[in-house]
Amino acid sequence: MTIAFVDLSALLGDPLRAGIGPQSAAVALAALALNLHWGWQRRLDLGMAGFMAAGAYGAAITVTQGWFGGSIVAGIVIGLTAAVALAVLIGLCSLGLPDVYVAVVSLAAAETLRRTVASDEARGLTGGLVGLPTAADRSIGVSLSRRIGQDWNPLVRTEDPTRTYGFWRLEFEPETMWLVLVGWALVIVGTLAIWRIVRSRALVGAPCPDPVASPTPGRPGGSEQPPRAVPWRHTGEPWVWVLGGAIGSVAGIVSMLDHGTVEPSRFGPEATMLVWAALVCGGVASKWGPAVGAITASSILYLVEDAVRRAADAGWLPDALVGTSEVATIRPLVIGALLVAVVAWRPQGLLGSAQWSRRRSPTANDAA
Amino acid sequence: MPAAVRTSAGNRTASRKTVSGVERCSSMSVRNSAPRRSSTNIAASWAAVSIASVEGVQPALVATAPTHRWTHSGVAATAARSRSSAIAPMSVEPSTASRVRAGSPSGSAEPRDDAADGADARQYPSVHAGAAIMTVRAGGDGSSSPSTSSLVATAPGPRPIPTATESTENGLVAARRRAQVPRAAVIGAIVVALALAATPAVFADAAGVVPPSSRSEEPDRWPSQVRHEARPADHTDRLDGRAPRAIATTRSEPDAAPTITPQAPRLADRAARGVVLGLLIGLAAAGFSLIHRTTGVANLAHVELVTAGAALAWGLEALIDAPIALVATATVVAGGIGGAAFARVVVTPFQRRGLDAGPLLVVTLAIAVSMRATLRVAMGPSPRSYVAHRTQEPVAVGPIELFPKELWAAGVSAVALTAVVLGIAWVARGGLGARPPERGVRPGRGRIVPPGAAAWIVGSAMAALAGTLVGLIQRIDVQIGDRMAVLVLAAVLLGGLGSVVGAAVGGIAIGAVVEVCEPWAGSGDLIGLAVILGALVVRFPISARWRTRSLGDPGCPR
């Protein structure tokens, strides 16, 4: 009977709160990068979590090892550099090849990075499975987000440090609110910048976003792109690939700043799949698709997880199926199901066009 | 298909009839030229090859240009899904050429559309200037089909229409034929690579140096961790699936006898164990390759099927207390059924909707992630092992010591691999009611089992068998797939995507290298990644000569 009286504002407000939280902003940033890779360039990137991990671990290692004075700014620079190096590595080996190679290489690179970072050999640098900061450091309150989240946070300098920001169910702590503002500002700036790149035709072979307004001479109506005439190395494509990797690392850094820690388990394939789900939810190759999709996917994810958690708490689920302690483990299942469902039933997402559901043309064999 | 394959010289000769109206109306069909094999053309092709080399593109890659560009009209997407390239050496072999010339319905020969080509030439004059050869645009749909040259076409897309051309071999093929690497070089390269990888181990072995990682603690990597009896099942799950070294050392009493000899396993042992491991990797990779070659689907959930196989075998063994052989048989059958169901329920509907091969990859990875989550809940955190054969005395085979179960695992997987390869060849010759492809008849008709379904069944059964055998020599936990994923992908790419034999050989090589280098390189992931990157940069898959046939054209997914 408790369900009958469930608070409607909680039902709507809490998922929305998750949808605009810093984690969602990080997903939106990563989806932005993925949109650059897949949506605009048609490069099948299954290693977005690798870029995020490179950025987050680059920053975290720099801070905890005290390189360059342990400054977080230096850390962010190092993280960006690491992600760019990873992108260059993947791109050099796979960018001229069919989809499946790009996918396999990026996936393998991301998985290798995650497992290497989590390995015992790298524990001195990366903290192994526990991540950074190390368990001992965490117990004395070391957090990677202190500098940006508190020292540089204008919201905590007000007269009332306990004040929260927001309204309704969307109240945030000052630290979280600051990250929300920064994260979504980055998303907006990134979206506009990428849109500018797309409109500028720097991406050779990308779809013309406005085919009627600016058809290129020789392209009838701009509706069909002619076959690419230039080898990929001579186009802007490598730069765009690397730019996507860098944006992905920013996403990882935002996520790291929200948690205050980095852990290898956050950068598994399910992280990549969450980014894909966000992108597909919002609409592949659409301007605001990544942002909208990240809000949507995070909200849906929260809703489902919350429902399962409540059901498990209420004892509706048999313990053998999903115990209360195991609710978190179904998160990848929900992500995968969400992605598959969206691809199956609404491949164009919320804002995109039906690129995923392009129907095959009839062939002679079909007729026969 | 916006695959712009353009050859410069003489490609306007021998213009062929456009057979298919569908193809004609696609302004983006593959433009493939069929120069007559004159000396001029050969010279031109050599020039093209040299330029290709300068450009950093292997000539082998040239003739296969898949591609896909953004197409807003459905028609232009037509050709995009058809054959084309995996890594290239597979698609431009002499045998390919001869087969294509003989009028086989496969191959990269596409009717040309001269008008469209001319229009293109006007728009992009620079491309046609000089000996600019090709544009390999390996785009969105390039992965849909692994090869152009099997006995039958492979992609679930529109198949090329049999053309009546007398020759579709272009100059690049001829050039490639000359440039082909002899098999001895392939074998030699593998041997040299193995030797190079093993060199530090050899020196260390001779000097009696104990490898760093096994110095103080037990070597906890796989499959060396099988030398001891089952671990206590009460430790927490570890993300990387390794044995809990830190936990074990912190809470084990100091006087506990070590379960393993403290010194490093000898090089020969490691190599032998690496071959065992490699056979299992090769088994899984060959299944992956078989499915990809036949149906054009790269199933990234394949390694999760390995995990599922191990879990199922463990469950069966614990449940009914059957001998391992029976359990393995049941698991293989279940794996085949599961693979067919997976294809039927998940893959085929998406293919029928026209989902490209690229997005399909994403879908399979999403399913892999979901499968892993499900398996994690189902298997629980604690690692397990079979009840039978938990402790065994190693047997000495010459200088190496292996457990009988390792020998069994190696033998069974070797037999299975051989059987699959021979079976594929038999089916391709007409076994099981398969007829060689005829013109105008949809390939695959008349089969007892449609080729696509057969590939899914056999490939998934191979994965399940690999899982069962992995369970024999390792801990059984949810991380089996995690540990194997990169290595399996590396084996597939080293062998050449779509080659069953290549994947098997690549798996053995990778297993040996990983296990031999294990004390120095840590877990095999870095080696696997290096192999993947190296195989793509060098573009030297093992299967350049050891081609295998596919199970046939799956036909349109029904």
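## Chain A overall

Of the contacts in chain A that link residues at least 6 apart in sequence, 74% join residues at least 24 apart. The model is predicted. Chain A contains 14 helices and zero strands, and its pattern along the sequence is accordingly written as α-α-α-α-α-α-α-α-α-α-α-α-α-α.

Chain A has 368 residues, and buried residues make up 56% of them. The surface that chain A exposes is about 14,600 Å², with 66% of it supplied by carbon and sulfur atoms.

## Chain B overall

Chain B has 558 residues, of which 61% count as buried. Its secondary structure consists of 19 helices and two strands. For contacts in chain B between residues at least 6 apart in sequence, the share that joins residues at least 24 apart is 84%.

The accessible surface of chain B is about 19,200 Å², and 65% of this belongs to carbon and sulfur atoms.

## Helix α4 of chain A

Helix α4 of chain A covers residues 72-94, a run of 23 residues. The distance from its first C-alpha to its last is 32 Å, close to the 33 Å expected at 1.5 Å a residue. At the start of α4(A), a side-chain oxygen of S71(A) comes to within 3.0 Å of the backbone nitrogen of V73(A).

The buried residues of α4(A) include I72(A), G75(A), G79(A), A83(A), L86(A), I90(A) and S94(A). An α-helix has 3.6 residues a turn, so residues three or four places apart point the same way. Cover for the buried residues of α4(A) comes from both chains: it includes α3 (48-65), α5 (99-117), α8 (146-151) and α10 (237-259) of chain A, along with α19 (525-538) of chain B.

## A108(A) and its contacts with chain B

Helix α5 of chain A holds A108(A). This residue is buried because its relative accessible area is 1%, under the 20% limit. Leaving aside neighbours within four places in sequence, A108(A) is in contact with V486(B), L529(B) and I532(B).

Within chain A, A108(A) and G50(A) are 58 residues apart in sequence, and their C-alpha atoms are 9.2 Å apart in space.

## Helix α11 of chain B

Helix α11 of chain B spans residues 302-320 and has 19 residues. From its first C-alpha to its last, α11(B) reaches 27 Å, close to the 27 Å expected at 1.5 Å a residue.

Buried positions in α11(B) include H302(B), E304(B), T307(B), G309(B), A313(B) and E317(B). The helices that these buried residues of α11(B) pack against are α10, α12 (324-352), α13 (357-379), α15 (451-473) and α16 (480-495) of chain B.

## I281(B) in helix α10

I281(B) is part of helix α10 of chain B, residues 267-295. It counts as buried because its relative accessibility is 0%.

Not counting residues up to four places away in sequence, I281(B) touches M484(B), L487(B), V488(B), A491(B), G507(B) and G511(B). For one of these partners, G511(B), the C-alpha separation from I281(B) is 7.1 Å, although the two residues are 230 apart along the chain.

## Backbone exceptions

Most residues other than glycine have a negative phi, and most peptide bonds are trans. F68(A) is not a glycine, yet its phi is positive at about 50 degrees. F68(A) lies in the loop between α3 and α4 of chain A and counts as exposed because its relative accessible area is 61%, over the 50% limit.

D321(B), also a residue other than glycine, has a positive phi near 55 degrees. D321(B) comes just after α11(B), in the loop between α11 and α12 of chain B. Its relative accessibility is 61%, so D321(B) counts as exposed. In chain A, a cis peptide bond joins L132(A) and P133(A), with omega about -10 degrees. P133(A) is located in the loop between α6 (123-126) and α7 (135-139) of chain A.

## Aromatic rings

Over all chains, a search of the whole structure finds five aromatic pairs. In chain A, the charged end of R42(A) sits over the ring of W38(A), at 4.4 Å from the ring centre.

Definitions and conventions: Residues are numbered from 1 along each chain as its sequence is written. Chains are lettered from A and ligands numbered from 1 in the order in which they are written. This is a predicted model: local features need pLDDT of at least 70, side-chain atom pairs count only at pLDDT 80 or more; totals for chains, interfaces and linings use all residues. Side-chain values use heavy atoms; hydrogens and water are left out. Helices (H or I, at least four residues) and strands (E, at least two) are DSSP runs, numbered from the N terminus. Buried means under 20% relative accessible area, exposed over 50%, partly exposed in between (1.4 Å probe, protein chains only). Contact means heavy atoms within 4.5 Å. Accessible areas come from the Shrake-Rupley method with a 1.4 Å probe; for residues, only the protein chains shown count as cover. The expected span of a helix is 1.5 Å times one less than its number of residues. A polar contact is a pair of N or O atoms within 3.5 Å; within protein, one must be able to donate a hydrogen and the other to accept it, and residues adjacent in sequence count only if both atoms are side-chain atoms. Rings of Phe, Tyr and Trp (its six-membered ring) pair if their centres lie within 6.5 Å; planes under 30 degrees apart count as stacked, over 60 as edge-to-face and the rest as tilted. A charge sits over a ring if NZ of Lys or CZ of Arg is within 6 Å of the ring centre and within 35 degrees of the ring normal.
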